[in-house]
Amino acid sequence: MSRPPHRDPAPSRLAYRVQRMMLTPIYRRMLRFGLPLLALALVLLIALGSADRRAAIAASFAGLVESVQQRPEFMVNLFRVDGASPMLAEAIRRMMDLKLPQSSFDLDLTGLRDRVMQLDAVQDVDLRVEPGGVLAAHVTERVPVAVWRSGPNVELLDATGHRVMLVGERNDRSDLPLIAGRGANKAMPEAAALMVAAAPIMPRVRGFVRMGERRWDIVLDRGQRILLPVEQPVAALERILALDKAQDLLARDVTAIDFRLKERPVLRLSPHAVAERQAARGQD
Amino acid sequence: MTDLYQSQRAMRNMRRAAIQRGVIAILDVGSTKIACLILRFDGPDRLRDHDGVGSMAGQSQFRVIGAATTRSRGVRFGEISVMNETERAIRTAVQGAQKMANVRVDHVIATFSGGEPRSYGLAGEWELQDSVVTEQDVARVLSACDVPDIGPGREVMHAQPVNFALDHRTGLGDPRGQIGNRLACDMHMLSVDAGTIQNLLYCIKRCDLELAGIASSAYVAGVSSLVEDEQELGAACIDMGGGSTGLSIFIKKHMIYSDSVRMGGDHVTLDISKGLQIPLAQAEKIKATHGGVYATGIDDREMISIGADTGDWDKDSRTVSRTELIGIMRPRVEEILEEVRARLDAAGFDHLPSQQIVLTGGASQVPGLDGLAARILGQRVRLGRPLRVQGLPQAITGPAFASAVGLCLFAAHPQDEWWDFEIPSERYPARSFKKAIRWFRENW
């Protein structure tokens, strides 16, 4: 027998309104995202309200970081320097001033490299932490090619003109040619080319002198001097050497060979040679 | 008239806004059931991808995304008699449909069958100022129609221009731009009881919904169950509901007459209940499972156990033959159809070129009804089912939902009504800014 339903199938006014509200997009979004976010914000606000709790959280986080960083896998125990002379290696060690063992997280490799690069004798350094807890520095040393006497200092220069080190006196490195004069280090590449070109007369060369920061003189023994031009000094030197080879120019009694002007080379004779020449010409 | 203009225009604007938003609800407030459908308007392009023309020749731009039906309460003869009960029933239906659609609706288009709809034919004439028909001329000829006295406490529900005539040419659908001297129009106006509309409006407002349109159920049932050629050539749709039977006559795709008989399937049920002395619910069940209008020899031997819940064994275990049941049902069905016949005759249906009659509505599902109707109404009778629209659940494709489906079509393709045309400029209130603009546009 079908009876009338006991329960009213109609929704109450409230249920109807609530259902319509829940079907409204903004309410649904608020309920799905806004309410959880609000609850989360509230929890955080309450939890982080007190200062000592914040400090405790920060301390525990710092401890965690510390414990990971201090693991033996990350510790650096040894510092090795490759490709440097013992003296330079010692200088680098002193410069770095490392307190080993230390965690590799605490090493500031770029800062350390900058500090090592401050040394004049170091051209380049490659710092890296190698497996096994070794901090390795692969050093490229500067190679001195000349001794520069400037004012009170006597310095060694490399091929680019950079200072390698100070030396006490020139004879400490008598195997290297001497250069002198102001600004000689800036023209070092040119000097190096001149040194190569002057190889045949190198035993006689006393030194190279930068004149007025623009050109070179070559000072030979017996008080002789070669004055080279500003432009193309190497070519001029080669001409002089060719003359020397053909006519023994440098062996003669000249005090200066002036090639500053290409078109007008000038030889300055010694007083004795001048007298001899005049006598040979029949003049008194 | 101005008041009506404004309320109907407001409803039209609301409907347009709702369609723009994409979701609108359909509410069929019947005497037996209240159906709520929720439509989603996608626009034509979104449904176009599957084939060239689109479903139903591109007519359906909408899709039913929610549907719910509930037993109607507090509605008699298609009119609300108990407001609270009806409000609860509407709430049930709307909530179910919203739950299925998972979307909230705010605008609702409603239909009902009661309120004693009355049809009026209106005619108007207008001499054209210059020989070309403009929109202003159409507005003027519509306002020139002489409105009959529809009686106190009644309101106009539909006022549709059905025909325009220009000089001696008639049957124009859209006279704009044509050349002539005298424009005439015929209009069909449907008035219903104002109280009925007020009650419905109140119920819908109590459900936090806004009424975005209202239509006569006889009209929308015709829209959905008459096929295109029937609407074009002339046909009558008889929507046999629970509490009332609506009839609407269509020709040239316009409704030209509508009326209702205040009898329906509920009266058949009531007759069974009285005749067999059983409760109404049981009577309804017996009617639906064993009912008919033509008795044959085998029906004498088909015994139906009718129960009752009195507790008296002898009374509760009675049986009747199906012939007896048919003997109770048939006179009432015949009475309804006779009444419909009388209304059709009064409307002059027999003068129409094609006299197709389509039976639809829940009460038209009685077996053998088409045969009986053919004897009373004329030979060309068929049973109609509503058009298939996209997304309609299988359970509500039956003839009982003809007016709900028709209301969907009505929402998608509303018929131009009187208030949709421009207001003639002399009817504008003075100092209107629009009037100034119009004057400017017309003179410059």
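This is a short walk through chain B of the structure above, from its overall make-up to one sheet, two helices and the side that touches chain A.

Before I start, please keep in mind that this is a predicted model, and that everything I say about positions and contacts is computed from it.

Let me begin with chain B as a whole. It has 14 helices and 18 strands, and of its 444 residues, 45% are buried. If we take the contacts in chain B between residues at least 6 apart in sequence, 71% of them join residues that are at least 24 apart.

I would like to spend most of the time on one sheet. It is an open sheet of 5 strands in chain B, with the order β3-β2-β1-β6-β11 and mixed pairing. At the edges stand β3, residues 62-71, and β11, residues 210-216, and because each of these has a single partner strand, one side of each is left without a neighbour in the sheet. From one strand to the next, the twist averages 20°.

As a reminder, strands of a sheet pair through backbone hydrogen bonds, either parallel or antiparallel. Both kinds of pairing can be followed from β1(B), which runs antiparallel to β2(B) with 7 bridges and parallel to β6(B) with 5 bridges. The link between β1(B) and β2(B) is a hairpin, with 3 residues joining the two strands. If you want to find the register on your screen, Val23(B) has Arg40(B) as its bridge partner in β2(B), and Ile26(B) has Leu37(B) as its partner in that strand. On the β6(B) side, Ile26(B) stands opposite Ile109(B).

How many of the residues of β1(B) are buried? The count is 7 of 7, so this strand is largely enclosed by the rest of the structure. In a regular strand the side chains alternate between the two faces of the sheet. In β1(B), Val23(B), Ala25(B), Leu27(B) and Val29(B) point one way, while Ile24(B), Ile26(B) and Asp28(B) point the other way, and all of them are buried.

Moving outward to β2(B), residues 33-41, we find a strand that is mostly covered, with 7 of its 9 residues buried. This strand runs antiparallel to β3(B), and 9 bridges join the two. Within that pairing, Lys33(B) is partnered by Arg71(B), and Ile34(B) stands opposite Thr70(B).

Two helices now complete the picture of this sheet. Helix α2(B) lies across β1, β2 and β3 of chain B, running at about 145° to β3(B). Helix α4(B), residues 194-206, also packs on the sheet, where it touches β1, β6 and β11 of chain B, and its direction makes about 145° with that of β6(B).

Let me turn to the side of chain B that touches chain A. Here 16 residues of chain B are in contact with 11 residues of chain A. Which elements of chain B give two or more residues to that side? They are α2, residues 83-101, and α8, residues 280-290. The largest share, 6 residues, comes from α2(B), the helix that also lies across β1, β2 and β3 of chain B. By residue type, that side of chain B divides into 3 nonpolar, 7 polar and 6 charged residues.

The other helix, α8(B), has Ala283(B), Glu284(B), Ile286(B) and Lys287(B) buried. These four cover an arc of only 165° around the axis, which puts them on the same side of α8(B). The partners against which the buried residues of α8(B) pack are α7 (265-276), β15 (303-305) and α11 (322-347) of chain B.

That last helix brings me to a single residue, Leu344(B), whose place is in α11(B). Is Leu344(B) buried or exposed? With 22 C-beta neighbours inside 10 Å, it counts as buried, because the cut-off for a buried residue is 20 or more. Leaving aside neighbours within four places in sequence, Leu344(B) is in contact with Ala236(B), Leu247(B) and Phe349(B). Leu344(B) and Tyr257(B), which are 87 residues apart in sequence, are 9.2 Å apart in space, C-alpha to C-alpha.

To close, the two points I would ask you to look at again are β1(B), with 7 of its 7 residues buried, and α2(B), which gives 6 residues to the side that touches chain A.

Technical notes: Residues numbered from 1 in each chain as written. Chains lettered and ligands numbered in written order. Predicted model: local features only at pLDDT ≥ 70, side-chain atom pairs only at ≥ 80, totals over all residues. Contact = placed C-beta atoms within 7 Å. Nonpolar A, V, L, I, M, F, W, Y, C, P; charged D, E, K, R; others polar. Buried ≥ 20, exposed ≤ 12 C-beta atoms within 10 Å, placed from the backbone. Pairing = 2+ DSSP bridges. Axes fitted to C-alpha atoms, helices over the stretch in contact; angles between N-to-C directions. Arc of directions from axis to C-beta.
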